[in-house]
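Subject: Structure handover

Hello,

Here is the structure you are taking over. Notes on its charged side-chain pairs follow below.

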Amino acid sequence: PLDGGFGDFVVRRLEARVWQLEGRKGELVERAAGAAEAETAPSGIAMPQGTVALVGRTLLVLSGGYVARALTDARTVPAGVGVALGLAYAVFWQLRADREARAARRESAVFHTIASSLVAFPLVWETTARFGLLGPRAACAVLVGLFGLGLAVAWRQGLTLGAWLTTGLTLATAVALLVATRDLLAVFAALLAVAAGLEWLAYRERWLALRWAAALVLDAVAFLLAALVARPQGLPEGYAPVAAPVAA
């Protein structure tokens, strides 16, 4: 047996060595854990994998809309049939957005709304301004119908982005139709319907800011309508005729 002084010395040395080894082991474990976290942590600019898939799916949906347009341009199908197919295609994806939102897949629903809107609203303008298949009043009626459908889906499912996108594209398309057709009365009536729908939502405390955007465009068209009808020389050339009492 070791005497007390030498034995205590050995024990202290062994304890010091054990603590040293355990400290190094803990440090190595911490370093390994930090390296693993650095490898698995997403970078600041990385996009979630699910979002990437939804973007790809949206591009495929948009390509389907362009296929319908290509068939119409090539006269493979009659122009009226091609337009009807394009509108039905857009409505289908809007209804899919409603279904996805009901199934708690809200991100997927938002991307369906984006795809549907990017197919539908440009199609209304192109059908009217380029192909001449829809008259100004028919085009405005279709525009209001698309707005009503998109807003109904957004309201039912609480899709804020869908409501803003639908409203913004509706207002932009209305202005584009006014420039293309110069039918003040048709566009003004469509904007009144849009503003009424947004006011209905405002009374239910939903997306109050949307009505201000609609009011801005509506007031601008109202001012233009009053200014042009009040001209002594009448409406400028190319504008659809509007009687003064009707405008008032």
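**Salt bridges around D98 and E100**

D98 and R102 both belong to helix α3 (residues 79-102), and because they are 4 residues apart there, about one helical turn separates them. Their side chains form a salt bridge, with an N to O distance of 2.4 Å. Please keep in mind that this is a predicted model.

The two partners differ in exposure. D98 has a relative accessibility of 8%, which is under the 20% cut-off, so D98 counts as buried. R102, at 53% relative accessible area, is exposed.

D98 has a salt bridge with R156 too, where the closest N and O atoms are 3.2 Å apart. R156 sits in helix α5 (residues 136-157) and D98 in helix α3, so this pair ties together parts that are 58 residues apart in sequence.

A further salt bridge joins the side chains of R105 and E100, at 3.0 Å from N to O. Here E100 is buried, its relative accessible area being 6%. R105 comes out as partly exposed, at 44%. The R105 and E100 pair is part of a network of salt bridges that also takes in R96.

As background, side chains of opposite charge can pair when their charged atoms come close.

For the overall count, searching the whole structure gives 6 salt bridges. The ones described above include D98 with R102, D98 with R156, and R105 with E100.

Regards

Definitions and conventions:
Residues numbered from 1 in each chain as written. Predicted model: local features only at pLDDT ≥ 70, side-chain atom pairs only at ≥ 80, totals over all residues. Heavy atoms only, no water. Salt bridge = Lys/Arg side-chain N within 4 Å of Asp/Glu carboxyl O. Helix = DSSP H or I, 4+ residues; strand = E, 2+ residues; numbered from the N terminus. Buried < 20%, exposed > 50% of the residue type's maximum accessible area, 1.4 Å probe, protein only.
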